[in-house]
Amino acid sequence: MFRAIFILLIATAMHGASAQNGAAPGVGFSIIATAKLDVSEALVYSGGSLGRQVRTNFSAFLVKHGESVFLFDSGLGANIGKQYRQDMPLWQRPFFKYDDPVTPARIQLERAGMAPINKIILSHAHWDHASAIDDFPGAEIWLSAPERAFATQPKRGVGAPWPSQVAAPSINWRTLEFKPVRYEGFDASLDLYGDGTVVLVPLYGHTPGSVGMFVTVDSGKRYFFSGDVTWHLSALKQERPKFWAARLFVDDDGDQTGQSIAQIHALMARDPGLTVVPAHDGAAQAALGYFPQWVR
Ligand SMILES: [Zn+2]
């Protein structure tokens, strides 16, 4: 009897510990929110309510596959203040900003006792996704070929990769090589580990070489990280583009972005079990929990 209670207590304690320290999964991910901003929904997508405030996150997504770990996007990094002052034009600042404090992914990983990351895959090279590249010196920074070309022409402003973030000659760029293999309605794909658990797809439009990522976690549940095709999930559900003025600033090719929205909208209708996670949707991300909690 006492032995059974003892085993029960140990099992309970172990379960509590694993929930708290987020014992790492085989394949899973964890959302590292580095900063946030509350904005009117009307500024997030066409048809959004002017009076409703929605939470916008600036996140990095930590993906684990066996012993391999990488970040999908880097969030805002330690040098975001300096980068923003250098490369965000004054007239764009009222529309494109973030709230302090910023807690970079690097700091959050260190606090959790995790080793620095040596691989980052960018959904695209915009300022709020590439900011933390220089927090991980020497790390491989992976982009699609068209996005890599886009990043070789950095310029100030919200619609381009920033010189302060992507111009350093020391950056260890790598190019994602998509294969002409159809996947979930996309023309090409890249199965990162060859087992179908982490699959990248081209999601061009918002930038010339944006990519999306499917992840199948330990439980068998599937997720799709849709980058900045839309900023929030409601826009994908309702098949709506960004607020028109924002679209002019940030979408490289509006028509192609619209096609990507339609494609993801159809995908969601086809597969209701798929959870779509836009890069900035605070509500969708809060529902999944934050680092050091894992989705597994
Ligand atoms: Zn973007």
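Where in the chain is the place of Glu184? In this predicted model, Glu184 sits in the loop between strand E6 (172-176) and strand E7 (190-191).

**View 1. Glu184 in its loop between E6 and E7.** Phi of Glu184 is near 50°. That is a positive value in a residue other than glycine. Glu184 is partly exposed, because its relative accessible area is 26%, between the 20% and 50% cut-offs.

**View 2. Asp73 in strand E3 (residues 68-74).** Asp73 also has a positive phi, near 70°, and is a residue other than glycine. Is Asp73 buried or exposed? Asp73 counts as buried, because its relative accessibility is 0%, and buried means under 20%.

**View 3. The whole protein, for orientation.** The secondary structure comes to ten helices and eleven strands. The radius of gyration is 19 Å, close to the 19 Å that the globule rule gives for 296 residues, so the protein is as compact as a globular protein of that length. The C-alpha trace spans about 70 × 45 × 40 Å along its principal axes. Buried residues make up 50% of the 296 residues. Of the contacts with a separation of 6 or more, 67% are between residues 24 or more positions apart.

**View 4. Ile31 and its surroundings in strand E1.** Ile31 is buried, with a relative accessible area of 0%. Which residues does Ile31 touch, not counting those up to four places away in sequence? One group is Ser59, Ala60 and Phe61. The others are Gln285, Leu288, Gly289, Tyr290 and Phe291. Gln293 is 262 residues from Ile31 in sequence, yet the two are 8.0 Å apart in space, C-alpha to C-alpha.

**View 5. The cis peptide bond between Phe291 and Pro292.** Omega is about 10° at this bond. Pro292 lies in the segment after helix H10 (282-286). Phe291 is one of the residues that Ile31 touches.

**View 6. The cis peptide bond between Asp100 and Pro101.** Here omega is about 5°. Pro101 belongs to the loop between helix H2 (80-87) and H3.

**View 7. The largest pocket.** About 470 Å³ of space lies in this pocket. It is lined by 23 residues; Leu43, Phe95, Phe96, Trp231 and Ala246 are the closest to its centre. Strand E1 (27-40), strand E2 (53-65), helix H4 (127-130) and helix H8 (244-250) each give two or more residues to the lining. Which element gives the most? H8 does, with four residues. By class, the lining has 16 nonpolar, four polar and three charged residues.

**View 8. The largest nonpolar core.** This core has 23 residues. Ile32, Leu62, Leu71, Phe136 and Ile141 have the most contacts inside it. The elements that give it two or more residues are E2, helix H3 (105-111) and strand E5 (140-144). A second, separate core has 22 residues, among them Phe29, Val63, Val217 and Tyr223.

**View 9. Ile141 and its contacts.** Ile141 is among the residues with the most contacts inside the largest nonpolar core. Leaving aside neighbours within four places in sequence, Ile141 is in contact with Ile120, Leu122 and Ile133. Its contacts also include the run Ile171, Asn172, Trp173 and Arg174.

Notes. Residues are numbered from 1 along each chain as its sequence is written. This is a predicted model: local features need pLDDT of at least 70, side-chain atom pairs count only at pLDDT 80 or more; totals for chains, interfaces and linings use all residues. Side-chain values use heavy atoms; hydrogens and water are left out. On a 1 Å grid over the protein atoms alone, a cavity is a set of points where a 1.4 Å probe fits but cannot get out, and a pocket is an open set with protein on both sides within 12 Å along at least five of seven lines; lining residues have an atom within 4 Å of a point. Grid points are joined across faces, edges and corners, and a volume is the space filled by probe spheres set on the points. Ala, Val, Leu, Ile, Met, Phe, Trp, Tyr, Cys and Pro count as nonpolar, Asp, Glu, Lys and Arg as charged, and the others, Gly among them, as polar. A nonpolar core is a set of buried Ala, Val, Leu, Ile, Met, Phe, Trp, Tyr and Cys residues joined through side-chain atoms within 4.5 Å. Buried means under 20% relative accessible area, exposed over 50%, partly exposed in between (1.4 Å probe, protein chains only). Contact means heavy atoms within 4.5 Å. The radius of gyration is taken over C-alpha atoms; the globule rule is 2.2 Å times the number of residues to the power 0.38.
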